[in-house]
Amino acid sequence: MIEFLHVYKTYPGPVHALKNVELKIGKGEFVFLTGPSGAGKTTLFKMISAYDTATSGDVKVAGYNLQEIQDKQIPFFRRKIGVVFQDFKLLKDRTIFENVALPLLVRGDKAQSVQRRVYDVLEQVGLAHKHDQYPDFISGGEQQRTAIARAIIHQPGVLIADEPTGNLDPRLSEEIMDLLERVCSQGTTVFVATHDHEMVKRRKKRTLELKDGAIVGDTL
Ligand SMILES: Nc1ncnc2c1ncn2[C@@H]1O[C@H](COP(=O)(O)OP(=O)(O)OP(=O)(O)O)[C@@H](O)[C@H]1O
Ligand SMILES: [Mg+2]
């Protein structure tokens, strides 16, 4: 589902943000990505989501070789993945329902099927009762659950989450991790970057460790 072959990313400076990264994550796996600030976690996720391209090497995700992908294919590629950020990135002038519906409306789904699917997913994340609320009027945990609902609404094969619990207290963080594990158990490959070592230890999942742009650990 996700494969990196000899991937380097160098920013102007030069900053060597990724150095010869090799990794392989299979369909339906749940994997953590850890490493200190500046290790390259967000850079690696930008390569996976095609928000940026590697300086050299191959990045393959959901059947696409992102080094060779054409700009016009990127919207189609994005339909195969879901992305969750630390700061939720919800549209504040749209309701919870509208935020979650957006990816389906953008791809041209019919209103009736959108409505059914959105209520289905809001039910899954426990937010059906907040559907007509605005993001500023719900809790941080609820905002992140909304963001996860939006990220899985189109049933992506891969879900990446960059510090999804970074702004949440420990109880809400556990709730979000439970939800991500549930998404994985339904067949989605889930890749989560986090600073929270205690949580990583408790969850007992495969963990990749980045340091100074290089993978220095791959443990279960
Ligand atoms: N657009 C950019 N231009 C130049 N340097 C960058 C850019 N983005 C990231 N970097 C540098 O690349 C390195 C890796 O950054 P990255 O954001 O991937 O780290 P991170 O592991 O996500 O850190 P954090 O835990 O703080 O989020 C850092 O040295 C950073 O300063
Ligand atoms: Mg980061």
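What follows is a short chat about a predicted model, its ligand shell, some of its helices and one strand residue.

Trainee: Before we start, what do local features need in this model?
Mentor: This is a predicted model, where local features need pLDDT of at least 70 and side-chain atom pairs count only at pLDDT 80 or more, while totals for chains, interfaces and linings use all residues. Residues are numbered from 1 along each chain as its sequence is written, and chains are lettered from A and ligands numbered from 1 in the order in which they are written.

Trainee: Thanks! Which residues surround ligand 1?
Mentor: Ligand 1 has Tyr11, Val15, Ala17, Gly35, Ser37, Gly38, Ala39, Gly40, Lys41, Thr42 and Thr43 around it. A residue is near a molecule if its C-beta atom, placed from the backbone, lies within 6 Å of it.

Trainee: And which element gives the most to that shell?
Mentor: Helix H1 does, with 3 residues. Helices here are DSSP runs (H or I, at least four residues) and strands are too (E, at least two), numbered from the N terminus.

Trainee: Switching topic: how do H5 and H6 pack?
Mentor: Helix H5 (residues 140-152) packs on helix H6 (residues 170-185) at an angle of about 15°, and their axes are 10 Å apart. The axes are lines fitted to C-alpha atoms, for helices over the stretch in contact, and angles run from 0 to 180 degrees between N-to-C directions. That makes H5 roughly parallel to H6, a label for angles under 35 degrees (over 145 is roughly antiparallel, 65 to 115 roughly perpendicular, the rest oblique).

Trainee: Which residues meet there?
Mentor: From H5, Gly140, Gly141, Gln144, Arg145, Ile148 and Ile152 meet Leu172, Glu175, Ile176, Leu179 and Val183 of H6. Contact is counted when C-beta atoms, placed from the backbone, lie within 7 Å.

Trainee: What about H3, which of its residues are buried?
Mentor: In helix H3 (residues 96-106), Ile96, Phe97, Asn99, Val100, Ala101 and Leu104 are buried. Buried takes 20 or more other C-beta atoms within 10 Å of a residue's own (exposed is 12 or fewer, partly exposed in between), with C-beta atoms placed from the backbone. The cover over those H3 residues includes helix H4 (111-124) and H5.

Trainee: Last one: is Val61 buried or exposed?
Mentor: Val61 counts as buried because there are 24 C-beta neighbours inside 10 Å. Val61 is found in strand S4 (residues 56-61).

Trainee: What does Val61 touch?
Mentor: Not counting residues up to four places away in sequence, Val61 touches Ile2, Ile48, Leu66, Ile81 and Val158. Glu3 is 58 residues from Val61 in sequence, yet the two are 6.5 Å apart in space, C-alpha to C-alpha.

Terms used: Contact = placed C-beta atoms within 7 Å.
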